[in-house]
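Open your viewer and keep the selection tool ready. This tour goes stop by stop, with a selection to make at each one.

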Amino acid sequence: MQIKSLFKVSTIAGALILAGCGGDINLSSDVNNSVGDTVTNITNPDTSTPVDDVVLPGKSNSQLAQQVAAVIGFDVSVQVLDGKLTEDTTLVASANNKPVFYAISGGLEVMAGATLTVEPGSVLFGQSGNDYLVVHRDAKIMAEGTKAKPIIMTSLQDVKGEDTSAGQWGGVVILGNAPSNKCPSDGSACALQVEGVGEGAVFGGDDWEDNSGSLKYVVVKYAGYEIAPDNELNGVTFGGVGSGTTVDYLQVHANADDGVEFFGGAVNVKHLVLTSNQDDSIDWDNGYKGMIQHVYIEHAKNAGEANRAIEADNDGSTPDKEPQSNPTLANMTIVGNNFDTADKDSEGIYLREGTAAKIFNTVVTGPSEMGECIEFEGGDTSSVTVDNATSGKIVIQNSIMACSNGENFKNSKAADGSTLLDIETWFTDESSNSISTSILIDENGVPDTNSPLIAANAGQDVANTQDSFFDTTDYIGAFDGTTDWRQGWAFGYGGGEVTAEVETQGCPTGTSAISSVDGSTTTCQISGTITADLTLTSNNIYALDGAVFVGNDKADSATLTIEAGTTIFGRSGSDYLVVSRDSDIQANGTSSAPIVFTSSQDIEGGTTDSGQWGGIVLLGNAQSNKCPTDGSACALQVEGVEDGAVFGGTDDTDSSGTLRYVVVKHAGYEIAPDNELNGITFGGVGSGTTVEFIQVHENADDGIEFFGGTVSAKYVVLTSNKDDSVDWDNGFRGNLQYVLVKHDENDGEANRAIEADNDGSTPNKTPQSDVTIANMTIIGNGFDTADKDSEGVYLREGTKAQLHNFVITGAVGECFELESGLTVDQAIDGDTTFTNSVVACTENFKDSTDSSSASFDLGAWVLAQDANSTAASTADVLDGIFTIDTTTPKDFTGHSFFDNADHIGAVSSTNNWTAGWTVGLE
């Protein structure tokens, strides 16, 4: 069941309403930080100090007032503003015991000598693309909202609570007297016509420090309008605006063209939010040289229309024209999306047409179908932009490229196809820059406590190295991991709303309410097949009822989004979650609010054990060597799941979504011998999938198992699992780093830390399993029966493996074993390696034979490789889970996935990434 209030009203509208109603006030904020879905519910408004008998600017429109009042539920005034403002004008937020809204009709122009003052909490709206606000040269706008009462400029549809979209009104244009390189070079007066606005709206001059007023805590939504190609209205256009102008806490959301564009000038900006804009988010041209800090850019979450986060130019016809565009930007977070068409796609930063730029403390990231993270324009035989990069006019420092599309960089090309600049080499030659596959930001772009963005001294203090305009920072990106400066005023982050439907309370559509499992928290049941996108919110607990599928196989595809801190449980081995091919899961927990999959007994405070529910299964389109070799479609039935749960294909870069800070407890279920559910099963899952900070605890079968595929994982904890902790088969070719395996500390049931296969009947079958693992700690126990015992690593059935930085200890069985035959041959031939590791077990090695039945001394082979050793006991190599052995770790410099750790094993006392979110390590 869903419970909805009729409407929800923003802080802004609520503040306006307070002007004329008696009674008590009760403000309660229920915030969902997805772009476009935040609210403040207001009931029983109180009386604030009224402003009586005020003569308001513009013309009263009773029809619009009635329409708005019908939505809000309170009387309002609507004043229509049009034409030219030639005198100082103030827009009050409330008057005559009513909130006041302002409708812009046509071009509203603030003329030279006049100042338009907009009070905090004011709402202005347009009704079509022809409605826009222009602040002319020598005029000013003083729009200074507050965090609690931002100023909103939006569309009539937004005000009326109707469907909103980009391009529903024009936008804001501010014009100043600062230089542009389009100004005449002969000394004559400069008057450049601005794009998208009627004739006479001109800008430019010679005053770099010109002052056009102030924009503070201003939200511009649903604007943008194309008059003609290359002649359009942006969310906010700055034409020749000088550095005397103040712009701080500005958002442009869902604009039909660019978010903000700077035509020359030197205006500086702080705290800029650009979300869901359909063309470029930031665009500059013609000599812009301002400074910008604290910027969050996010393309639409639903893969909606987008282009570049930054499209930067100097001059198209004369790229080295002076004054040359040369802004300085710091602390930007750029998040792309999967929008991709023949005409344009979601991209990061594109510098072109001779621009220079200095960029610091910036991260660019995005999903698998996003375009390049960064590109510099090429040319016929040379490029001014490339020359700027090689001469030091373009500088990028303390920045991270983290696109998951395999195209962090697009090289600058000449007309003949030759490379003018290898941008990746240029970027990484700066030692403070890096490439990463794991930046650990949440769905709102905020870094986790373990994120490299906020590591010690990650960022540059640009206040010291560049200009005093900048705030002192030591982190990369827009946020420091502690303070989210968007909260309370920006749309999508607790502010910026006029009216909207109230957030659903209770169980989301697609689930059903059942009795509370813990006696107090709303509990929602999920069953059957999810065929529409579904979000599981953290305020509820969710029960899996039988086999729950996300999408059908390659049909009815859906995304299951799980908020940080959400708990999902099963009640029997037949309750499990399957993510089908072409669907995905977005489970983004945090270190302080992990997502937990567990059993009903765990939630109810009962006795917990393995096998109390099923587990999680991800199915993808990557290769398995069990797929047909005749070219027919691959559809391999996965173990432990009902018929029709199939995987496999030809797309090794396939994405099944994200598992981040996810804990799976008390799962695993044996349908029949060799047909069981693991904690997490990966069937043909591709490298586009993100898996980091996961734990499987007390599972009845394997912890994690990979059937083919290419998915990689980092920060993996596998504790008290009763069979193998890591298992792979049938052509798995992923990477793993920082893996901690700990068998039950009370000598409970266990088997191998790693059981690794290629193919049992054809050991050399291709694609052949070949896995690279670095920084793994294996802590065995004393479990020992006739059927199985606690062991370390067993490679068999033709698998290859590259194993580095291991600590293996504590097992009653052998620490390391290779199956006789091809698996041994591959070790002898160097196709399998084991380096920079220490082994400390009662039986360190178990010998075997090669394909010719010649004996193979595994211990001698291990100790002959780089930096390997043995130790007498666990106490010699570990202190609890922390490595104390001082073996030098392998150098992974230049590898895009592996970090250069300063220790072997998974965890050290100075790198305890397990803290705060795992279980069973006490």
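Two strands pair if DSSP finds at least two bridges between them. Helices (H or I, at least four residues) and strands (E, at least two) are DSSP runs, numbered from the N terminus. The model is predicted: local features need pLDDT of at least 70, side-chain atom pairs count only at pLDDT 80 or more, and totals for chains, interfaces and linings use all residues. Residues are numbered from 1 along each chain as its sequence is written, and side-chain values use heavy atoms, leaving out hydrogens and water.

**Stop 1: a strand with two partners**

Select residues 615-619, strand β49. Now add strand β46, residues 576-579. Four bridges join β46 to β49, and the two run parallel. Find Tyr576, which stands opposite Gly615 of β49. Next add strand β55, residues 680-683. β55 also pairs with β49 in the parallel sense, over four bridges. Here Leu619 has Gly683 as its bridge partner.

Turn on the side chains. In a regular strand they alternate between the two faces of the sheet. Gly615, Val617 and Leu619 point one way from β49, while Ile616 and Leu618 point the other way. Are these residues buried or exposed? All are buried. Buried means under 20% relative accessible area, exposed over 50%, and partly exposed in between (1.4 Å probe, protein chains only). Five of the five residues of β49 are buried, so the strand is largely enclosed by the rest of the structure.

**Stop 2: helix α4**

Select residues 384-391. Colour Thr385, Val386, Asn388 and Ala389, the buried residues of α4. Look down the axis: they fall within an arc of 155°, so they line one face of the helix. (The arc is that of the directions from the helix axis to the C-beta atoms.) The face turned away carries exposed Thr390 and Ser391.

What do the buried residues of α4 pack against? Their neighbours include β29 (347-351), β32 (394-397) and α5 (423-428). Contact here means heavy atoms within 4.5 Å.

Check both ends. Ser383 caps the N-terminal end, with a side-chain oxygen 3.2 Å from the backbone nitrogen of Thr385. Just after α4, Gly392 has a positive phi of about 95°.

**Stop 3: helix α2**

Select residues 62-72. Leu64, Ala65, Val68, Ala69, Val71 and Ile72 are the buried residues. They cover an arc of only 160° around the axis, which puts them on the same side of α2. Gln63, Gln66 and Ala70 are exposed on the other side. Asn61 caps the N-terminal end: its side-chain oxygen lies 3.1 Å from the backbone nitrogen of Gln63. Gly73 follows α2, with a positive phi near 95°.

**Stop 4: a loop residue**

Select Asn721, in the loop between β58 (713-719) and β59 (726-729). Asn721 has 0% relative accessibility and counts as buried. Its side chain reaches the backbone nitrogen of Glu698 at 3.4 Å. Among the residues that Asn721 touches are Val696, His697, Asp701 and Glu749.

**Last stop: the whole chain**

Zoom out. The chain has nine helices and 73 strands. Its radius of gyration, taken over C-alpha atoms, is 30 Å. The globule rule (2.2 Å times the number of residues to the power 0.38) gives 29 Å for 922 residues, so the chain is as compact as a globular protein of that length. Of the 922 residues, 61% count as buried.

Notes: A polar contact is a pair of N or O atoms within 3.5 Å; within protein, one must be able to donate a hydrogen and the other to accept it, and residues adjacent in sequence count only if both atoms are side-chain atoms. Lists of a residue's contacts leave out its neighbours within four places in sequence.
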